[in-house]
Every structure is written in C-alpha cells, then in structure tokens.
Amino acid sequence: MFSDEFWRQIRGFATGITCGASLAHGFLNELCRPVFERYSACILYHRRYIDDGKMIWIGSRQQLQSWF
C-alpha cells in the first residue's frame with residue numbers, strides 16, 4: 001500500500017527471496033559487460049559483489065566521463 005492505494009507486482013520477484021541476490025548479480029553482470037569490455041584497457045583493478053564494487057581507473061579523465 002502506498003498513498004492509500006494498493007499496488008500489485010506484475011513482473012519480477014520480491015527482493016527478499018533467497019535467490020534475489022544471485023539474480024541481481026547475474027543481471028548486473030550482463031548489463032555492464034559491454035561497457036567493461038570497451039574500457040578494459042582503462043581499468044587496472046575491478047571487483048564487484050552484487051551492486052557494490054571498487055575500481056582503479058588508469059584511463060584519461062575524458063574516457064572516464066565517457067564511461068559514465
């Protein structure tokens with residue numbers, strides 16, 4: 001219920017289910033893969049766990065702006 005209205009989920013899944021984290025990780029991996037491949041020469045280090053990550057960027061500032 002939100003703003004005195006009931007809402008029903010049509011697609012997707014509840015985030016609290018057991019496989020939710022694994023599905024989120026897989027989705028983000030596929031969504032971001034082309035970008036990481038395109039800029040792989042600019043990345044010295046990258047690690048991600050589901051939606052948290054860290055990266056060391058060695059490319060130019062202009063490349064980083066294009067990344068975003």
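In the protein chain, 10% of the 68 residues count as buried, and this description rests on a predicted model. The chain contains 2 helices and 2 strands, and these elements follow one another from the N terminus in the order α-β-β-α.

Helix 1 was examined for its length and its straightness. At 1.5 Å a residue, the 19 residues of this helix should span 27 Å, and the computed separation of its end C-alpha atoms, 28 Å, agrees with that expectation. Helix 1 nevertheless bends by about 45° at cysteine 32, and proline 34 follows within four residues of that position.

One contact between charged side chains lies in the same region of the sequence. Side chains of opposite charge can pair when their charged atoms come close. In the model the count comes to 1 salt bridge, in which the side chains of arginine 33 and glutamate 30 meet at 2.6 Å, taken from N to O. Both arginine 33 and glutamate 30 belong to helix 1, where they are 3 residues apart, or about one turn of the helix. An α-helix has 3.6 residues a turn, so residues three or four places apart point the same way. Arginine 33 has a relative accessible area of 36% and is therefore partly exposed, since this value falls between the limits of 20% for buried and 50% for exposed residues.

Aromatic contacts were considered next, and a search of the whole structure finds 4 aromatic pairs. In one of them, the rings of tyrosine 39 and tryptophan 67 have centres 5.8 Å apart and planes at 80°, so the pair is edge-to-face, an arrangement that requires planes over 60 degrees apart. This pair links distant parts of the chain, because tyrosine 39 lies in the loop between helix 1 (20-38) and strand 1 (43-49), whereas tryptophan 67 lies in helix 2 (residues 61-67), 28 residues apart. Tyrosine 39 and tryptophan 67 are both buried. These two residues also belong to one aromatic cluster, which is formed by Phe36, Tyr39, Trp57 and Trp67.

Further separations in space involve members of this cluster. Valine 35, a residue of helix 1, has its C-alpha atom 7.4 Å from that of tryptophan 67, although the two residues are 32 residues apart along the chain. With a relative accessible area of 33%, valine 35 is partly exposed. Histidine 46, which has its place in strand 1, is 10 residues from phenylalanine 36 in sequence, and the distance between them in space is 9.5 Å, C-alpha to C-alpha. Histidine 46 is likewise partly exposed, with a relative accessible area of 24%.

At the surface, Leu44, Tyr45, Ile56 and Ile58 make a nonpolar patch of about 390 Å². Among these residues, isoleucine 58 is found in the loop between strand 2 (52-57) and helix 2.

A final feature concerns the backbone in the segment before helix 1, where aspartate 4 lies. Most residues other than glycine have a negative phi. Aspartate 4, although it is not a glycine, has a positive phi of about 65°. The relative accessibility of aspartate 4 is 70%, and this residue therefore counts as exposed, the limit for that class being over 50%.

Key: Residues are numbered from 1 along each chain as its sequence is written. Side-chain values use heavy atoms; hydrogens and water are left out. Rings of Phe, Tyr and Trp (its six-membered ring) pair if their centres lie within 6.5 Å; planes under 30 degrees apart count as stacked, over 60 as edge-to-face and the rest as tilted. Buried means under 20% relative accessible area, exposed over 50%, partly exposed in between (1.4 Å probe, protein chains only). The expected span of a helix is 1.5 Å times one less than its number of residues. The bend at a residue is the angle between axes fitted to the seven residues ending there and the seven starting there. Patches are made of residues with over 30% relative accessible area and no salt bridge: like charges are joined within 9 Å, nonpolar side chains (Val, Leu, Ile, Met, Phe, Trp, Tyr) within 5 Å. Accessible areas come from the Shrake-Rupley method with a 1.4 Å probe; for residues, only the protein chains shown count as cover. A salt bridge is a side-chain nitrogen of Lys or Arg within 4 Å of a carboxyl oxygen of Asp or Glu.
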